[in-house]
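Let's take a walk through the enclosed spaces of this protein and see who lines them. Have the model open and turn it as you read.

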Amino acid sequence: MANRQRGNKTQIEGLLSILYFGAGLAGFAHCTVVTIVWRYWKDVLNTCMNNVQCNNCILYATTLSRTVSGSDTALCKYVAFVPVPIVVWAVIIGSYHGYRACHVGRRKHSAQRRQSATFGSGVNRLPSKRHNSLCYSSLFLIAVIISIISIAISIAVTHGYYSTCASYKNTVVKYLSASGNLAAMVQERMTCGTVYDFLDYIQPDPDYLEIKLRRGTYIINTGLLLQLAIFSSWLSVLAWVVIAVLNAIVGFTS
């Protein structure tokens with residue numbers, strides 16, 4: 001029975017290592033994609049008030065008849081940079097669990113076999129159990145906090161993506177003076193991917209010629225990149241929720 005429990009814990013350690021690295025990879029992909037989109041659009045949506053508060057975030061952007069006004073830059077910075085320490089933490093703890101799964105479990109198993117053969121099996125392991133319980137309980141609380149932060153980031157990216165899309169559709173309806181089936185077609189049949197394709201190709205030029213020349217003629221696929229950001233962010237949320245559950249199981253059953 002004891003050997004089976006050790007084997008189960010080693011498997012959980014390995015699974016936790018995979019989940020931590022998976023969450024870190026998803027978070028890294030999210031940060032990279034969001035940063036690319038934000039940096040690409042920030043010069044186009046370069047509207048600042050008193051040269052202090054700049055609104056150049058494509059999320060929650062407002063589309064007017066001839067221009068696009070971005071939302072507060074702090075939003076893009078939040079969804080792009082807050083996951084960075086989370087990614088670092090995931091890599092560190094994933095490495096820790098991977099080390100325990102690959103080395104510590106084997107070393108404990110061989111040491112306990114030698115000890116059992118020499119002195120018998122009457123070994124008091126309560127301090128070790130208490131230590132493990134405290135460790136995994138702490139990791140559980142951290143995973144819960146990170147899950148909440150990740151959910152907030154995912155909601156911001158997802159809702160911001162669809163908010164910009166809805167604003168563009170409303171502008172198209174007003175520009176065409178559409179009503180009836182034409183308005184319904186724009187609102188219901190024009191996908192958000194199509195909306196962002198329009199934004200990519202008919203975007204206004206940057207305010208400064210130097211920035212325009214530096215950007216060149218390349219065009220990113222904003223819709224696809226934001227969809228990847230949404231997918232990776234929710235994948236990260238799922239990973240952190242599973243991590244929290246596994247840490248709770250190990251912590252409260254140790």
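Start with a set of residues you can select right away: Val34, Val37, Trp38, Ile58, Leu59, Cys76, Val79, Val157 and Leu226 line the second largest cavity. Keep in mind that this is a predicted model. The space they enclose has a volume of about 40 Å³. Sort that lining by class and you get 9 nonpolar residues, with no polar and no charged ones.

Where do these residues come from? Helix H1 (2–41), strand S3 (57–63) and helix H2 (73–81) each put at least two residues into the lining of the second largest cavity. H1 has the largest share there, with 3 residues.

Now zoom out. Searching the whole structure turns up 2 cavities of 30 Å³ or more, and the largest cavity holds about 110 Å³ of space. Its lining is made up of 14 residues, and if you want to find the centre, look for Gly27, Pro83, Ser150, Ile153 and Ser236, which lie nearest to it.

Which elements give two or more residues to this lining? They are H1 again, along with helix H3 (83–119), helix H4 (126–176) and helix H8 (222–253). H8 gives the most to the lining of the largest cavity, at 5 residues.

The chemistry is worth a look too. The lining of the largest cavity splits into 7 nonpolar and 7 polar residues, with no charged ones. Set that beside the lining of the second largest cavity, where the count is 9 nonpolar, no polar and no charged.

Technical notes
Residues numbered from 1 in each chain as written. Predicted model: local features only at pLDDT ≥ 70, side-chain atom pairs only at ≥ 80, totals over all residues. Heavy atoms only, no water. 1 Å grid on protein atoms, 1.4 Å probe; cavity = no way out; pocket = protein on both sides within 12 Å on 5 of 7 lines; lining within 4 Å. Points joined across faces, edges and corners; volume = space filled by probe spheres on them. Helix = DSSP H or I, 4+ residues; strand = E, 2+ residues; numbered from the N terminus. Nonpolar A, V, L, I, M, F, W, Y, C, P; charged D, E, K, R; others polar.
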